Amino acid sequence: MGQLLLPLYPTDTKLITPVLGVREEKGIVVYFHSGIPIYSHGKEELHKFRYTTSNFLKQGLCKNTDIVRVFHVSVDSVSRWKKVLIEQGEEAFFNAEKRHGRSHK
């Protein structure tokens, strides 16, 4: 019979769920699943953060409330970006074409 191995995380890792964690070091945000790094991006890369967390939600790795709790973002923005991923795909996060809206006076 095999021994159950618990995931090991660096001490400064914030746990999103018992098996999903995140930490930041030297401007790089690293996501872990069961102690294994699965994705990383620069601290200032908001589109990659939105894509990554939305992808976790889509895959069922965590809940909206987990993202809100750990990253201190609004429930509405988490729901909105998850919906964007589901309806438009990852291209919506990485499209080179910038939005050119007009302000209302």
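**Figure 1. Overview of the protein chain, with four helices and four strands.** The model shown here is a predicted one. Along the sequence, the elements of the protein chain follow one another in the pattern β-β-β-β-α-α-α-α. The protein chain has 105 residues, of which 31% count as buried. When contacts between residues at least 6 apart in sequence are considered, 35% of them join residues at least 24 apart.

**Figure 2. The open sheet of four strands, in the order β1-β2-β3-β4.** Pairing within this sheet is antiparallel, and the edge strands, each of which pairs on one side only, are β1 (14-15) and β4. Strands of a sheet pair through backbone hydrogen bonds, in either a parallel or an antiparallel arrangement. In this model, β1 and β2 are paired over two bridges, whereas six bridges join β2 to β3, and β3 and β4 are likewise paired over six bridges. Helix α1 lies across β2, β3 and β4, and runs at about 150° to β4.

**Figure 3. Close-up of the hairpin that joins β1 to β2 through four residues.** The two strands run antiparallel and share two bridges, and in this pairing Lys14 stands opposite Val22 in β2. Lys14 also appears among the residues touched by Val22 when residues up to four places away in sequence are not counted, a list that further includes Asp12, Thr13 and Ile16.

**Figure 4. Close-up of the hairpin of β2 and β3, with two residues between the strands.** The strands β2 (20-25) and β3 (28-33) are antiparallel and are joined by six bridges. Leu20 stands opposite His33 in β3. In the turn, Lys26 has a positive phi of about 55°.

**Figure 5. Close-up of the hairpin of β3 and β4, with Ser34 between the strands.** The hairpin has two residues between its strands, which pair in the antiparallel sense over six bridges. His33 has Ile36 of β4 as its bridge partner, and Phe32 stands opposite Pro37 of β4. Ser34, placed in the loop between β3 and β4 (36-42), has a positive phi of about 55° although it is not a glycine. Ser34 counts as partly exposed because its relative accessibility is 34%, which falls between the limits of 20% for buried and 50% for exposed residues.

**Figure 6. Close-up of the packing of helix α1 (residues 46-59) on helix α2 (residues 64-71).** Two packed helices are described by the angle between their axes together with the distance between those axes. For α1 and α2, the angle is about 145° and the axes are 9 Å apart; α1 passes α2 in a right-handed crossing. The residues that make the contact are Phe49, Thr53 and Leu57 on the side of α1, and Asn64, Ile67 and Phe71 on the side of α2. Sorted by class, the contact comprises four nonpolar and two polar residues, with no charged residues.

**Figure 7. Close-up of the largest nonpolar core, which has 13 residues.** In soluble globular proteins, nonpolar side chains tend to be buried together. Within this core, the residues that touch the most other members are Ile16, Val22, Tyr31, Cys62 and Ile67. Two or more residues are given to the core by each of the elements β2, β3, α1 and α2. Ile67 belongs as well to the contact between α1 and α2. With residues up to four places away in sequence left out of the count, Val22 touches Val29, Val30 and Tyr31, and its contacts also include Val70 and Phe71.

**Figure 8. Close-up of the loop between α2 and α3 (75-88), with His72 and Ser74.** Phi of His72 is near 55°, a positive value in a residue other than glycine. His72 is exposed, because its relative accessible area is 68% and the class begins over 50%. Ser74, in contrast, counts as partly exposed, with a relative accessibility of 38%. The C-alpha atoms of Ser74 and Asn64 are separated by 9.7 Å, the two residues being 10 residues apart along the chain. Asn64 is also one of the residues through which α2 makes its contact with α1.

How values were computed: Residues numbered from 1 in each chain as written. Predicted model: local features only at pLDDT ≥ 70, side-chain atom pairs only at ≥ 80, totals over all residues. Heavy atoms only, no water. Axes fitted to C-alpha atoms, helices over the stretch in contact; angles between N-to-C directions. Left-handed = near helix turned anticlockwise from the far one by under 90°. Contact = heavy atoms within 4.5 Å. Nonpolar A, V, L, I, M, F, W, Y, C, P; charged D, E, K, R; others polar. Core = buried A, V, L, I, M, F, W, Y, C linked by side-chain atoms within 4.5 Å. Buried < 20%, exposed > 50% of the residue type's maximum accessible area, 1.4 Å probe, protein only. Pairing = 2+ DSSP bridges.
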